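This report describes the strands and helices of one protein chain, with notes on pairing, burial and packing.

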Amino acid sequence: MRQASTIIQIETRRPGLVEFTERVTGWVAAQGMAEGLLTVFCRHTSASLVIQENAAPAVRRDMEAYFDRIAPQGPLYEHDDEGPDDMPAHLKTALIGVQLSIPLIDGALALGTWQGIYLFEHRSRPHRRSIALHLIGA
């Protein structure tokens, strides 16, 4: 049994989904393991992680619009220390989550044909997000 871990940085410019599948699959391949489990963990409370459709851009736009409807900006919240997008960002993160687990089978992540790994940025201003990767396997 082996383990490997790293931290990757993702630069965001605006709210929305940022795909980083290739960075993850490249790192996993470099570890040389055949079977195992990858944990992907976002180290923030105002951005989240999701596995989602990676072919049709309309899916990403619809997801962004949906979460803006269920956690809108405005004077609805007590917490607004960093601006009107602050509390909605925390709510979206709580709903979507910050951790993914992906099986490694025959040396490849067991993602479906149209699945991609995304950081979902919920804040309006640019950010540098830290994502921890941990692979355990053989």
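## Strand pairing and helix packing

Threonine 39 has histidine 134 in S8 as its bridge partner. The model is a predicted one. Threonine 39 lies in strand S3 (residues 36-42), which pairs with S8 in the antiparallel sense over seven bridges. Strand S1 (residues 2-12) also runs antiparallel to S8, joined by 11 bridges, and isoleucine 8 stands opposite isoleucine 131 of S8. Of the 11 residues of S8 (residues 127-137), eight are buried, so the strand is mostly covered.

The pairings with a stated bridge count are listed here.

| Strand pair | Sense | Bridges |
|---|---|---|
| S1 and S8 | antiparallel | 11 bridges |
| S3 and S8 | antiparallel | seven bridges |
| S2 and S7 | antiparallel | four bridges |

Three strands form an open sheet with antiparallel pairing, in the order S2-S7-S4. Its edge strands, S2 (16-19) and S4 (47-53), each pair on one side only. From one strand to the next, the twist averages 35 degrees. Between S2 and S7 (residues 115-121), glutamate 19 stands opposite tyrosine 118. Helix H2 (residues 57-70) packs on this sheet and touches S2, S4 and S7, its direction making about 140 degrees with that of S4. Helix H3 (residues 86-96) packs on the sheet as well, touching S4 and S7, at about 50 degrees to the direction of S4.

In helix H1 (residues 21-31), the buried residues include Thr21, Val24, Trp27, Val28 and Gln31. These residues lie on the same side of H1 because they cover an arc of only 140 degrees around the axis. Exposed Glu22, Ala29 and Ala30 are on the face turned away from the buried side. Just after H1, glycine 32 adopts a positive phi of about 70 degrees.

Conventions: Residues are numbered from 1 along each chain as its sequence is written. This is a predicted model: local features need pLDDT of at least 70, side-chain atom pairs count only at pLDDT 80 or more; totals for chains, interfaces and linings use all residues. Side-chain values use heavy atoms; hydrogens and water are left out. Buried means under 20% relative accessible area, exposed over 50%, partly exposed in between (1.4 Å probe, protein chains only). Helices (H or I, at least four residues) and strands (E, at least two) are DSSP runs, numbered from the N terminus. The arc is that of the directions from the helix axis to the C-beta atoms. Two strands pair if DSSP finds at least two bridges between them. Axes are lines fitted to C-alpha atoms, for helices over the stretch in contact, and angles run from 0 to 180 degrees between N-to-C directions. Contact means heavy atoms within 4.5 Å.
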